[in-house]
Protein chains: 2
Amino acid sequence: MVEALTFDVFGTVVDWRGSIQRLGERFGRERGLVVDWGALADAWRAGYRPAMDRVRRGEWPWMNLDHLHRRILDEILPRFGLGGLGESERRTLVRFWHQLDPWPDVVAGLRRLKRRYLVATLSNGHVRLLADMARRAELPWDVILSAELARQYKPDPAVYRTAAELLDLPPSEVMMVAAHGDDLRAAAAVGFRTAFVRRPLEHGEAGRGADEAEAQFDLVAEDFLALAEALGT
Amino acid sequence: MVEALTFDVFGTVVDWRGSIQRLGERFGRERGLVVDWGALADAWRAGYRPAMDRVRRGEWPWMNLDHLHRRILDEILPRFGLGGLGESERRTLVRFWHQLDPWPDVVAGLRRLKRRYLVATLSNGHVRLLADMARRAELPWDVILSAELARQYKPDPAVYRTAAELLDLPPSEVMMVAAHGDDLRAAAAVGFRTAFVRRPLEHGEAGRGADEAEAQFDLVAEDFLALAEALGT
């Protein structure tokens, strides 16, 4: 019944917090900066939802995630003693989000899933960001789909509807895969099937993954290899 | 200067005429039909530009290429003694366009080009058609871009502009690659760089490829391997 799988990316496919922390530490070492990059990653990510909500409510015009990331960054840098960073350094930091590393099961899992299903991103990251990430990490997407194509951010229903339309499938033949319940509930409201993947380390060792009542989803899996198993591929 | 290459697909990447002919011959053999499939492919393709023009002029609403192909097919089938084909057979024929074979240099050429450039489709084929084709033929696209994303057909400038926007690049950093002058001229008018690839067999052994004054393009190449060479990759 399911022909295509659409994947949330930040947290579900890639370890944004660990990656930003690693990239930040290297950036800091090269410049002699002492910063808690894990805390900076958390603060940066915490600004993400409110910023998207402003776009979704129409308070801000449509802008892609690089621009949202930049606005949030400019706001938080002084808190980390980095208010003095210049334009080109701020750009370098924003580009970190194009260079995130996947969880260890992702590439092998996608290769298996791809044998039988069309595999696509469905992220709030823009097309270029997702393409840069895929090139670097060798993520074998069949199609890069993004909130950008609907000029709305998830969980706006237009994002999921646009994706099903571009896949030329009824929503019931598309399964959304995510580590976040709100994303899956919004997809289900449009008619998608849902797979919840547990990512307990998304917020680091001390953080916690999404804690969801799992019976609400069509499938629950530990990682992408378990998802491939559950989907018979 | 160039960061991304956008590729026309029908004729430039895939041999639509030879593929439709091969698929048609198999389809005919299984059903005991005697048809000149090369001529049918030509008639089908000849209806393509007028049909798109009707969409571009607003006479027909936006519809994807499967729907245009179906309308043209319904019109031409009686001419080939195939007016009696039923719904499911017509659907099978329309799906042939998702199963076209690339020219022999394409996969190796794209792999080389991809090392240095972001490689994307930019076709009048819709996203799903291009994804199905890429899966089957193992075309290693970084991104599938399509006229569908602008809901206009090439050579409408909106198609090229939308592509550059999604690549997050100024048009001058994108090179359009095509075997057809009109596509390249429309891309150049929006600011793209242009590469003309000769495909003398696009219309079969007896046909002729596009005959263009080549000095108007930034690059001219025999095939994708020569293009990779010319682009230093």
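A:Asp66 is a bit of an odd one: this acid is buried, yet has no salt bridge. A:Arg95 carries the nearest side chain of opposite charge, and that sits 5.3 Å away, while a salt bridge would need a nitrogen-to-oxygen distance within 4 Å. Keep in mind that this is a predicted model. Here's a quick tour of that residue and of the interface between chains A and B.

**Around A:Asp66**
- You'll find A:Asp66 in helix 4 of chain A, which covers residues 65-76.
- Setting aside neighbours within four places in sequence, A:Asp66 is in contact with A:Val94, A:His98, A:His126 and A:Leu129.
- Its contact list also reaches across to the other chain, with B:Asp168 on it.

**Size of the A/B interface**
- Chains A and B bury about 1900 Å² between them, with 50% of that on carbon and sulfur atoms.
- On chain A's side, A:Arg128, A:Arg135 and A:Leu166 supply 35% of the area buried against chain B, more than any other three residues.
- In terms of contacts, 26 residues of chain A meet 26 residues of chain B.

**Charges and polar pairs across it**
- There are 6 salt bridges between chain A and chain B.
- A:Glu165 forms a salt bridge with B:Arg151, where the closest N and O atoms are 3.4 Å apart.
- The interface also has 12 residue pairs in polar contact, counting pairs with both residues at pLDDT 80 or more.

**What chain A brings**
- Helix 6, strand 2, helix 7, strand 3 and helix 8 of chain A each supply at least two residues to the side touching chain B.
- Helix 7 gives the largest share, 5 residues.
- By type, that side of chain A splits into 11 nonpolar, 2 polar and 13 charged residues.

Key: Residues are numbered from 1 along each chain as its sequence is written. Chains are lettered from A and ligands numbered from 1 in the order in which they are written. This is a predicted model: local features need pLDDT of at least 70, side-chain atom pairs count only at pLDDT 80 or more; totals for chains, interfaces and linings use all residues. Side-chain values use heavy atoms; hydrogens and water are left out. Helices (H or I, at least four residues) and strands (E, at least two) are DSSP runs, numbered from the N terminus. Buried means under 20% relative accessible area, exposed over 50%, partly exposed in between (1.4 Å probe, protein chains only). Lys and Arg count as positive and Asp and Glu as negative; His and the chain ends are not counted. Contact means heavy atoms within 4.5 Å. Buried area is the accessible area (1.4 Å probe) that two parts lose on being put together, summed over both. A polar contact is a pair of N or O atoms within 3.5 Å; within protein, one must be able to donate a hydrogen and the other to accept it, and residues adjacent in sequence count only if both atoms are side-chain atoms. Ala, Val, Leu, Ile, Met, Phe, Trp, Tyr, Cys and Pro count as nonpolar, Asp, Glu, Lys and Arg as charged, and the others, Gly among them, as polar.
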